[in-house]
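Trainee: Got a minute? I'd like to go through the charged side chains in this one.
Mentor: Sure, put it up.

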Amino acid sequence: MTRKQKRLAVIAGAIGFLGLATGLTLYALGEQTSYFYMPGDLEERPVAAGQRIRLGGLVEKGSIQRGDDTYVRFAVTDGTESVAVQYSGILPDLFREEQGVVTEGAFDQNRNFIADTVLAKHDENYMPREVADSLKEKGVWKED
């Protein structure tokens, strides 16, 4: 091989390596993507069982049911639709009825939402923007 051919082979190998690394990185990030939904959005955009999503809205009044140890069931609502959520873990201190909440998890085969993370916020100043905007758009959340 001449010097020019060796140089081209090294450059081609480096480009191939960078392409492979970029492809693997994008694939890994795509697997970790967690899309945001409000309860009403689930009718329009169905979610497959096992697909991780973030479900946000308000904790529905009268829906909190505590079970053994740290098991709790509650409903997340956007004012028109609600989704029952099951969670086993320690709830945030600010978690209560009619307050903003974002849960992360997936639906099981029976369409039960099993959350593995619950984030609670006490007003729209600390609530994720997409939750506050969606609730305001539906008329559920009113600014002071």
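Trainee: Asp116 to start. Buried, exposed or partly exposed?
Mentor: Asp116 is partly exposed, at 43% relative accessible area. Buried means under 20% relative accessible area, exposed over 50%, and partly exposed in between (1.4 Å probe, protein chains only).

Trainee: What kind of model is this, and how are residues numbered?
Mentor: It's a predicted model, where local features need pLDDT of at least 70, side-chain atom pairs count only at pLDDT 80 or more, and totals for chains, interfaces and linings use all residues. Residues are numbered from 1 along each chain as its sequence is written, and side-chain values use heavy atoms, with hydrogens and water left out.

Trainee: Which side chain does Asp116 meet in a salt bridge?
Mentor: Arg52, at 2.6 Å, N to O. A salt bridge here is a side-chain nitrogen of Lys or Arg within 4 Å of a carboxyl oxygen of Asp or Glu.

Trainee: Where do the two sit in the chain?
Mentor: Arg52 is in the loop between helix 2 and strand 2, and Asp116 is in strand 7 (residues 113-121). They are 64 residues apart, so this pair links distant parts of the chain. Helices (H or I, at least four residues) and strands (E, at least two) are DSSP runs, numbered from the N terminus.

Trainee: What else does Arg52 bridge to?
Mentor: Glu104, with the closest N and O atoms 3.4 Å apart. Glu104 lies in strand 6 (residues 100-107), so that pair ties together parts 52 residues apart in sequence. Arg52, Glu104 and Asp116 are linked in a network of salt bridges. Arg52 is partly exposed, at 33%.

Trainee: How many salt bridges by this rule?
Mentor: Three. Asp41 with Arg45 is one of them, closest N and O atoms 3.5 Å apart. Asp41 is buried at 15%, while Arg45 is partly exposed at 40%.

Trainee: New topic. Where's Asp78?
Mentor: In the loop between strand 4 (71-77) and strand 5 (82-88). Asp78 is buried, at 0% relative accessibility.

Trainee: What does its side chain touch?
Mentor: The side chains of Asp78 and Thr80 share a polar contact of 3.0 Å. That term means a pair of N or O atoms within 3.5 Å; within protein, one must be able to donate a hydrogen and the other to accept it, and residues adjacent in sequence count only if both atoms are side-chain atoms. A polar atom of the Asp78 side chain also lies 2.9 Å from the backbone nitrogen of Glu81.
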